[in-house]
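Good morning, and thank you for joining this group meeting. Please keep the sequence and the structure in view while I speak.

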Amino acid sequence: MAQEVRGVIAPGKDEPVRVETIVVPDPGPGEAVVQVQACGVCHTDLHYKQGGINDEFPFLLGHEAAGVVESVGEGVTEVAPGDFVILNWRAVCGNCRACLRGRPWYCFNTHNAKQRMTLTGGTSRTKSGGGTELSPALGIGAFAEKTLVAAGQCTKVDPSASAAVAGLLGCGVMAGIGAAINTGNVGRGDTVAVIGCGGVGDAAIAGSNLAGAAKIIAVDIDDRKLEKARTMGATHTVNSKDTDPVEAIRELTGGFGADVVIEAVGRPETYKQAFYARDLAGTVVLVGVPTPEMKLELPLLDVFGRGGSLKSSWYGDCLPSRDFPMLIDLHLQGRLDLEAFVTETIRLDEVEKAFERMHHGDVLRSVVVL
C-alpha cells in the first residue's frame, strides 16, 4: 500500500521550502522504499530551490542520505529489507559503453525509480487520479521520512556507522575525497593545494591526507574555514583575500607549484588560480560546480606548454559499491573523521534556516535527523 509521510518541498523558484504530506508508492520492479534516518543539507538542494538545475517544480529536496531499506520490488537482489544503506545518485547500469569497458564510475546511463512520489492533492503535473508529481532532487528526494529510489541507488554499508555521518558520503564528502583519490590520483609525498574550503574542499583535504600527501595547502577567503581546514589535515593555509594564492602556493612548494590542485569553488577566477598554481606536468581537478553562463579563457600555449592534466571530477569519479563501504570502514577504524563534517543536526522544518546558514558560511554541514 502507498504510504503518506512528511517531506520538504520546494514549491517554486526562490520560494521558501515547506513540509508537506507526500505519497510514497509501493516499490515496483527494480525499486526500493527506504526509511530515511538522516540527510545532509547540500548546496545542490539550494540550487534546486533557486531553479538553477531545472524548472520541474515542485521538488522533493534532499539527496545526501542514509537509512534502512523497508521494502523492495520485483527482481531486486542488491539489497533486502533491513539493510542499512547510503543513497547514491549514480545507479550504474552495467550495460553502457563505459560499464562494458570496466569503467562503471563513468556510467552514461544511470537510472532512478520509474514511479513518482506525489503530493496528497493538486491538479498540475498529475497522473490520472493522483496528486501533483514531485521531482526528487538528484533522483532521491530524501528530506522525507521515507523515499522511493531505484534499488541500485542503495549501497549497503556497515550499520555500526551513524546515519548522520554515513549519509554525507552520498554526495559532498564523496565528491571531495574522490576528487583527491580517484580523479587527482594523489599519492604518497605529493604536494596538494585545495582552493575553496567548504564541505567538498575539506573532504578533498581529508582525502589527500588519507592518500599520504606530504603537504596540503588550503586556500579560502574565510579564516574560519581555513581554521577548520587545518583540523581536516591541511598543513598550510592561505587567505586569498589578502594574498595572491598562486604566489603563496609556489612559495610553499619551492617555487614550483603543487603536484595536484583541486578547485572546489567552480568559478573562472579560481580555476585560473588552480591552473597557474600547479607544477609543470601537474594536475588540476575541477570539482566545484560552475553555472551555465560562466566562460573560461586561457592562452592555448600555456595549456600546451605546462603539460599535465586538466580534469573534471563528477561525484568524485566514485563507484558507490566500492567506495562507500571502504570509507565507512576507514571511519569506523578511526582513520576518517566523518563527524568533523557535521556542524549541527536539525529537524525537517528547519531546512529553510539551514539554507540561510549555509549561504552565510556558518556551517560545514547541517544534517536533518529523522
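**A pocket, a strand residue and a helix**

The second largest pocket holds about 310 Å³ of space. Among the 19 residues that line this pocket, those closest to its centre are Tyr-48, Asn-112, Pro-136, Leu-138 and Gly-139. Sorted by class, the lining consists of nine nonpolar, seven polar and three charged residues. I should state early that this is a predicted model. As background, rolling a probe the size of a water molecule over the atoms shows where empty space is left.

Let us turn to a single residue. Ala-10 belongs to strand β1, which spans residues 3-10. Is Ala-10 buried or exposed? Ala-10 counts as buried, because its relative accessibility is 0% and buried means under 20%. Leaving aside residues up to four places away in sequence, Ala-10 touches Val-17, Lys-49, Phe-57, Pro-58, Phe-59 and Leu-61. For a sense of distance, the C-alpha atoms of Ala-10 and Ser-321 are separated by 30 Å, and these two residues are 311 residues apart along the chain.

My last topic is a helix. Which residues of helix α8, residues 268-276, are buried? They are Pro-268, Thr-270, Tyr-271, Ala-274 and Phe-275. These residues lie on the same side of α8, because they cover an arc of only 160 degrees around the axis. In general, an α-helix has 3.6 residues a turn, so residues three or four places apart point the same way. The elements that cover the buried residues of α8 include β11 (191-195), β14 (258-263), β15 (278-286), α9 (300-306) and β16 (309-312).

Key
Residues numbered from 1 in each chain as written. Predicted model: local features only at pLDDT ≥ 70, side-chain atom pairs only at ≥ 80, totals over all residues. Heavy atoms only, no water. 1 Å grid on protein atoms, 1.4 Å probe; cavity = no way out; pocket = protein on both sides within 12 Å on 5 of 7 lines; lining within 4 Å. Points joined across faces, edges and corners; volume = space filled by probe spheres on them. Nonpolar A, V, L, I, M, F, W, Y, C, P; charged D, E, K, R; others polar. Helix = DSSP H or I, 4+ residues; strand = E, 2+ residues; numbered from the N terminus. Buried < 20%, exposed > 50% of the residue type's maximum accessible area, 1.4 Å probe, protein only. Contact = heavy atoms within 4.5 Å. Arc of directions from axis to C-beta.
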